[in-house]
Amino acid sequence: MPWNRRAHTGNRLSRAFNIADLRELARRRVPGFAFEYVEGGAEDESSLRHNRAAFERLRLRPDTLVDTSRRHLKTTILGAPAGAPLIIGPTGLNNMLHPDGDLERARASARRHIPFTLSTLSTTRLEEVAARAGGRLWMQLYVLKDRAIGRDLMQRAAAAGYEALVFTTDANVFGSREWDQRNYRAPGKPTLRAALDALRHPRWMYEVLLRNGIPRFRNVEAFLPPGAGSAVGGSTVLPGMFEASITWDDIGWIRQFWRGKLLVKGVLSVRDAERAVALGCDGIVLSNHGGRQLDYSVAGIDVLPEIAAAVNGRLALLVDGGFRRGTDVVKALSLGAQAAMLGRATLYGLAAGGEAGVTRALDLLCAEIDRTLGLLGCNSVSEPTSRHIRRE
Ligand SMILES: Cc1cc2nc3c(=O)[nH]c(=O)nc-3n(C[C@H](O)[C@H](O)[C@H](O)COP(=O)(O)O)c2cc1C
């Protein structure tokens, strides 16, 4: 490189100018095995890479000489107001990245008026998140073999006032993240190298492990065998608990226990989107689970145009996978999505700096969305449309 471009190498959130900078901060802040857990994808990681590559092929086409001085990001998601077309998506084991990971993600969402989704495999009880974070809360559901777990979660989430249930359908079989597995000599037992690496992160060791103890799967631990409630022990038994027999008939089962809004996460075809509509679901999330489940999968953004045309506004259309820039979000809006769900973008913020880091991630993305709208000749998130986008 002829000139001296150099990314920020310190640890100040205010010096992170984009999500990639936050990712670098995160990478330095947490041990390698924790970063690998966030970062990795299944098998050849082709789905993971493709989620990003898919955005590269989509080019924006602006309207020029439009008055864009009235720009704002306010919108409606699932019939309620939101500060931006964004949702924080469900991710398990958040407290491995920062001591109060679930609460910090939820609080940052509430602060920026966007919904937060708590994972079934969260490390904070759903009641505690409701009591201590506030804001719009959605609960993600994995249907595990022991149906009592799902029933319990749905009933508790309803009692705690959660607004929506996000039924994840692409984890009927557990994806194989091989790089993650290489950090353990046996399930739940880190290799010597991984353990030594953790020792090189004393701040993380103190804040995450020593002060709070090994994170636990608080929502489901009452149902796990003795010793399996912690992130270390649980990782050995959980993969075997995923239920391969889930089908569309389970929407009826869910409806017995859940009367609130219902979204299906993991739809990637028109056929399945039509089924969700026919079964009265309130929304779908086009998702390949951030490339962590089926490898060589299409990306949510790839199938968005055909699914948007088919569902034609009959349910809320959300998409995730690889969203790292405001332009990514505006592309999704142009192709018919109502909002984008964020996974790793906000996990980098969390690992880099807790609630302030998640807030920084949201603020960076919101500033980018706002700038992109302006440069595209739009004043609101409802304006980008197929006219503004071209697939190369
Ligand atoms: C570390 C990690 C944990 C995740 N845990 C869950 C989970 O518990 N439930 C779920 O439905 N999806 C889970 N996901 C998938 C995300 O909800 C989302 O689909 C994905 O992260 C989007 O891709 P992105 O990370 O590239 O934005 C997880 C993703 C990551 C990166």
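This passage describes a predicted model of a protein chain with its ligand, moving from the overall fold to a central strand, a helix residue and the ligand shell.

The protein chain contains 15 helices and 14 strands. Its radius of gyration is 20 Å, close to the 21 Å that the globule rule gives for 392 residues, so the chain is as compact as a globular protein of that length. The C-alpha trace spans about 65 × 60 × 40 Å along its principal axes. Half of the picture is interior, in that 50% of the 392 residues count as buried. Contacts reach well along the sequence: among those between residues at least 6 apart, 70% join residues at least 24 apart.

Strand β6 offers a good place to look at the interior. Five of the five residues of β6 (residues 137-141) are buried, so this strand is largely enclosed by the rest of the structure. Cover is found on both faces, with Leu137, Met139 and Leu141 buried on one side and Trp138 and Gln140 buried on the other. Strand β5 (residues 116-118) pairs with β6 in the parallel sense over three bridges, and here threonine 117 stands opposite tryptophan 138. Between these two strands the chain passes through helix α5 (residues 126-133), in a β-α-β crossover that is right-handed.

A parallel pairing also links β6 to strand β7 (residues 164-168), this time over four bridges. In this pairing, leucine 141 of β6 faces phenylalanine 167 of β7. Helix α6 (residues 147-159) joins with β6 and β7 to make a right-handed β-α-β unit.

Attention now turns to helix α15, where alanine 352 lies. Alanine 352 counts as buried because it has 28 C-beta neighbours inside 10 Å, against a threshold of 20 or more. Leaving aside residues up to four places away in sequence, alanine 352 touches Leu13, Ala16, Leu22, Leu25, Ala26, Arg29 and Gly357. Serine 109 is 243 residues from alanine 352 along the chain, and the C-alpha atoms of the two are separated by 16 Å.

Helix α15 also takes part in the surroundings of the ligand. Of the 25 residues around the ligand, Ser119, Thr168, Gly290, Gly343 and Arg344 come nearest. Two elements, α2 (32-39) and α15 (344-376), give two or more residues to this shell. The largest share, three residues, comes from α15. By class, the shell holds 13 polar residues, eight nonpolar ones and four charged ones.

Note on methods
Residues are numbered from 1 along each chain as its sequence is written. This is a predicted model: local features need pLDDT of at least 70, side-chain atom pairs count only at pLDDT 80 or more; totals for chains, interfaces and linings use all residues. A residue is near a molecule or strand if its C-beta atom, placed from the backbone, lies within 6 Å of it. Ala, Val, Leu, Ile, Met, Phe, Trp, Tyr, Cys and Pro count as nonpolar, Asp, Glu, Lys and Arg as charged, and the others, Gly among them, as polar. The radius of gyration is taken over C-alpha atoms; the globule rule is 2.2 Å times the number of residues to the power 0.38. A residue is buried if 20 or more other C-beta atoms lie within 10 Å of its own, exposed if 12 or fewer, and partly exposed in between; C-beta atoms are placed from the backbone. Two residues are in contact if their C-beta atoms, placed from the backbone, lie within 7 Å. Two strands pair if DSSP finds at least two bridges between them. A crossover is right-handed if, with the strands pointing away from the viewer, the path from the first strand over the helix to the second runs clockwise.
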